[in-house]
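Trainee: Could you take one cysteine in this model and look at it closely, then work outward to other parts of the fold? I'd like to know what the coordinates say about possible sulfur bonds.

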Amino acid sequence: MDALVLDFGAIDASMVPLVGGKAANLGELTQAGLPVPGGFCLTVGAYRRVAEGAGLDAVLEQLEQSAGRTGGDQAELANLAGKARAAVAAAPVPEDIEAEVIKAYRALASEDGEEVPVAVRSSATAEDLPFASFAGQQDTYLNVVGVDAVLDAVRRCWASLWTDRAVSYRTTNGIPHREVALAAVVQRMVNSQVSGVMFTANPVTGRRREAVIDASPGLGEAVVSGAVNPDRFVLGLDGGPVRERRLGDKRVEILSVAGGGTIQRERPAEAEPTACLTDEQLTELATLGRRVEDHYGSPQDCEWALDESAAMWLTQARPITTLFPLPTDPGPAGDGSAAYFCMTLAQGLIRPITPMGLASFRLLGSGVADLFGVPAPQGVVGPGGLKVAGQRAFLNITPALRHPVGRKIMLKMFGVMEARAAEVLAKLGEDPRFAVRKQSPLPLLARVAKVQWRLRIPPRALHAMIRPSVAEAQARQVADRLERKLAVPAGVTSEQRLDHVERSLREVIAPTMPSLMPAPAAGFLMLGLAARLLRHGLRGGELQVVLRGLPHNVTTEMDMALWQLASRIKADAESAAALNSAPAGELAARYLRGALPSVAQEGMASFLGQYGHRAVAEIDLGLPRWSDDPTHLFGVLINYLRLDDRSVAPDAQFAKAVAGAEDQVRELVAAARRRGRVRGRVVAMALGRARALAGMREEPKYYLVVALGKVRAQLAVLGTELAEAGRLTVVEDVFFVDLAELRRGLRGADLRELVAGRRADYEREMRRRQIPRVLLSDGTEPEAVSTQAAGADAADDRLVGVPASAGNVTGIARVVLDPVGAHLAPGEILVAPSTDPGWTPLFLTAGGLVMEMGGANSHGAVVAREYGIPAVVGVPAATQRIQDGQRIEVRGAEGCVITG
C-alpha cells in the first residue's frame, strides 16, 4: 500500500483506494489475460503527498459548506474548484516521486531504447463505481513522448481532479471531496487505425447481451469526445448477424503526431460511405466484449483500438451505470420472454421503496393471491408474479399478455389508468414471444366471478346504483371493521406483535380493500351508460366536465380542510406572522414541540388528527407520515397564505367546478330529452348516480393508507425496542429491514451493518430519474425501443399525451419532482412525473397539470377534473422536455402541451 508506482500486472480490482477506478480496471483486465496495452500506475500516495503541499484544507472546508448550504451553487463551486486546481498545479513534486515515474517510463521503452508514446490518464478513487462512472470528469493526455512530457502530463492530471465538471459531479452525487484522491495511469499508445467505444448492453433500450459499437478512423478520442459522427453497429454478444448498421460521415479524425501530441483533421467526404469495420472484425470485437462482461459479471462500457496489424486492443472498461437493474429471477436465461409492469411507478412513485415497504407489498400480494385461490407458499416472500428491480415493485404480466381475456382486461384497465403503458403493452403484444396462446377463457372468468361473488361486489354495486346513500354507510362499516381487526391485543410479546403485523397485511387489509370498490365502480358504469345513450351528440370533454367538483371524495375533502386551516391562520395575526417569518422545517419542529401560536397549533393538530396518516408516497409504509413530519403541510400553508385573489381561491374554484358540472349535466339531459323522454330520464339518473358515486373512487386507497399507518405504528414499536437494545441505531432503521430480518433482530441479531448498507443503496436509487413502465427479463425497455424506432424528436414543441381534464391554459411551468418544499404560485402549471394524494394540496393553486404518468382515470387526472384545471397526462419525459419557468400552453381536451 506504500508503493508509488505499480505495473498493471500487479494491480487488481480490489485496489481502487490505492490506484483509482481506471487503473484497477486495467490491472484486472491485464490479469484476466485480455489484450491490454502495457503500462503502470502512479498511485494515490503520490497525489496525496503533492496535495498536502498544496494547502487544500481551506478550500475543502468551503466546498463542504457550499454543498451543505445550497446543494452546490454552480458559480461558487466553479470558483472553489479553480482555487483547488491552481493550488495543486503549483505544488512541488518530491524528487523520489519524479524518480519513480522516470524509472517506470523508461522500462516501457522499446528494445533500442527509443522513448515510447504513451497515454497519461487520470484514475480517481471515486471513478468507475457501480453507481457513477465519472467518465470524462478528469483529463487524459494522448501521445505523450519523453520523460519531461510525462511528468508534466501527470501534474496536469492531478490538477484535473478539481475541474469544474468533476467538482460539480461529485457534489451532485454526494461524494465527499476530502475522500477522493487521484492516481495517474501511463499506458502504451496504440497506433490506432480504427478505434471507438463498445457497450456490452444497449444503453438506450436496456437490452442485455447486445453490443453497441461506435467506430471511427484514428484515435478513439474523436468518438469519446463526440467530435465525430461515427459508424454505429449493433449485434449480439453471443453471435449472430449484425442487427443494426448505421454509417456516419466520419469527417473528423484525431491522429498521433511524430514526437508527441495529436492533431485533429477533416477527412475527405466519401461518395459512398463505407464501414470502417468488417463483419468479421465486429464479431471479434463483440467476442472481446463478451469476455470482458463475463469476467466482471455485469455489462461494461469499453474503449478499444485496432492497430495497423489489425490486432484488437482493449484500452479501458468500466461498468455501465445507467442501466436499470434486472428484476429478481428474470426468467429463463434472461431472454426477454417475460414482461414486468412497474406497479409503484403507476402509483406515482419515481423514488425507490424502503425494504419494509417492499415487504408489505409482498404480504399484500399474498393476500390478493389467496383471494383468487392461488396462495403463495410463503406469504412473506409474496406471490411468484411480484418482482423487485431497482428497489421498485414490478408485476409479471406475461401470463395476462398471453391470455385472450387477460390481455383485453389489462389493456382496457391501463387505457384509463395509465394510457402510455397501454400503448407500450399493445405494441409489445405484436412480439411473437407474447402472442396470445390458445386457451379457454372460462377458468379465468370463473375465478374472477367467484371472487366477486364471495366479496358480494355485484349486489353491492347494484345496491349503490339504487341507493347511493347506502354506499357511504357501507364504507363507514368497512372502516369500522378494519379498525377493530387491526387493533393489537393487550399484553402481546414482541414476536406476537410482529405476527399481528403479518396477519394484518395478508389476512385483513388485502381482503378488505375490494369491498370498497363496488360504489365507485357503479358510478363509472353509470357514466358509461350515459355516454352510450348520448354518444351521437357528445363533444370532446363534455363528460369530463360532469366529473368536476364531485362529492364524497376524501382527497378533495382533505385538501379543502387544509385550505380552511390556511384561512383561519391568515385571519389570526399571530399565527399568520409565525408562518410568514419561518421556513417550513422550522415551523414543523415548533409544532412538534407544541410551540406555535394557538390557532396554528390547534388547527394543525385537528387536521393531523384526521389526516395525519397520509403522506407523500404514502403507499410505502417505510416513509414518515404527516403526523411524524408535517414539514410538507407547512410549506403548502405558506403557499396558500400568499394567495390574495379570492376569485382564484381553492374553495371558490371548487364551487365553480361544481356549478359547471351541474350546468353540463342539465345540458346533456336536455339533449337526451330531445331524443326521447325516457332517454332523458335515464341519462339524468345515470349522470346523477355517477356524480354521487364516482368520487368514492379514492376510498380504497384512503383506507389502505389508514391501515398501513397503523401497521407502521406497530413496526415503530418494534424499532424502538431494537434501538434501545443497540441492534438498530435509530427507530426509523426498522423500515430498512424486511419482516424476516426484523424477526431475527427480535431474536438477538445485530442489524446495524445491514441497515447501513441498505440506506446507502436506497440513497443511490433516490438519484435515479428514469424508471421503465414496462421492463423485459433481458433488461429491454419496450417504451425506449418504440421511441427510438419512431425517431421521437425531443426538441419538438408539441408534446402529446392523454386528455385528462378539458380546458386550455397558458402559464409558467413549475417542474416539481418532489412536492415537499415545492412552491407553486397561483396560476402556475404543475409539471410532475406523477402524483398521489400527498401532492394534491398543490392542485388548489395550480392553473394546469402535466404528468408523465397516468390515464384519464388516474388519480391526478380525476382530481384535476374535480378542481376544474386543464390537465394532460401520460406525456413522455415531460419533466425533462419542459424547462422550469418556461411558458407553456396546456390543451386539456386535445391532450397536448405546446412549449414553443
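**A cysteine without a partner**

Mentor: The closest cysteine sulfur to that of Cys157 belongs to Cys41, and at 11 Å it is too far away for a bond. Keep in mind that we're reading a predicted model. A disulfide, remember, is a covalent bond between the sulfur atoms of two cysteines. The cut-off used here is a sulfur pair within 2.5 Å, and by that rule the count comes to 0 disulfides. Cys157 counts as buried because its relative accessibility is 0%. Cys896 is buried too, with a relative accessibility of 1%.

Who does Cys157 deal with, then? One contact goes through its backbone: the side chain of Ser160 reaches the backbone oxygen of Cys157 at 2.7 Å. Ser160 sits in the loop between α6 (147–159) and α7 (164–172). Although Ser160 is a loop residue, its relative accessible area is 1%, so it counts as buried.

Now for some strands. β5 (residues 182–188) is mostly covered, with 6 of its 7 residues buried. β5 pairs in the antiparallel sense with β2 (residues 39–42) over 4 bridges, and β5 also pairs with β3 (residues 118–124), again antiparallel, over 7 bridges. Gln187 is a handy landmark in β5: Gly39 stands opposite Gln187, and Ala119 stands opposite Gln187 as well. As a reminder, strands of a sheet pair through backbone hydrogen bonds, either parallel or antiparallel.

Further along, have a look at Arg209, which lies in strand β7 (residues 208–217). Its relative accessibility is 26%, so Arg209 counts as partly exposed. Leaving out residues up to four places away in sequence, Arg209 touches Thr200, Gly236, Leu237, Asp238, Arg290, Glu293 and Asp294. One of those partners deserves a zoom: the side chains of Arg209 and Asp294 are joined by a polar contact of 2.9 Å. The chain also brings Pro299 around, 90 residues from Arg209 in sequence and 7.8 Å away in space, C-alpha to C-alpha.

Next, a couple of backbone oddities. Ala310 isn't a glycine, yet its phi is positive, about 70°. You'll find Ala310 in the loop between β12 (300–307) and β13 (312–319). With a relative accessibility of 43%, Ala310 counts as partly exposed. Gln391 does a similar thing: phi is positive at about 60°, and Gln391 is not a glycine either. Gln391 is in the loop between β15 and β16.

That loop leads us to another sheet. Here 4 strands form an open sheet in the order β15-β16-β14-β17, and the pairing is antiparallel. β15 (386–389) and β17 (774–776) are the edge strands, each pairing on one side only. From one strand to the next, the twist averages 35°. β15 pairs with β16 (residues 392–396) in the antiparallel sense over 4 bridges, and Ala389 stands opposite Arg392 in β16. Helix α14 (residues 419–428) packs on the sheet, where α14 touches β14 (339–342) and β17. The direction of α14 makes about 30° with that of β17.

Let's finish on a helix, α16, which covers residues 457–466. Which of its residues are buried? Ile457, Arg460, Ala461, Ala464 and Met465 are. Those five cover an arc of only 140° around the axis, which puts them on the same side of α16. The textbook logic is that an α-helix has 3.6 residues a turn, so residues three or four places apart point the same way. On the face of α16 turned away from that buried side, you'll see the exposed residues Leu462 and Ile466. And what do the buried residues of α16 pack against? Their neighbours are α15 (442–454), α17 (468–486), α19 (518–534) and α27 (677–693).

So, back to your sulfur question: Cys157 is buried at 0% relative accessibility, and the closest cysteine sulfur, in Cys41, is 11 Å off, too far for a bond. What Cys157 does have is the side chain of Ser160 at 2.7 Å from its backbone oxygen.

Notes
Residues numbered from 1 in each chain as written. Predicted model: local features only at pLDDT ≥ 70, side-chain atom pairs only at ≥ 80, totals over all residues. Heavy atoms only, no water. Buried < 20%, exposed > 50% of the residue type's maximum accessible area, 1.4 Å probe, protein only. Helix = DSSP H or I, 4+ residues; strand = E, 2+ residues; numbered from the N terminus. Arc of directions from axis to C-beta. Contact = heavy atoms within 4.5 Å. Polar contact = N/O pair within 3.5 Å; in protein donor to acceptor, adjacent residues only side chain to side chain. Pairing = 2+ DSSP bridges. Axes fitted to C-alpha atoms, helices over the stretch in contact; angles between N-to-C directions.
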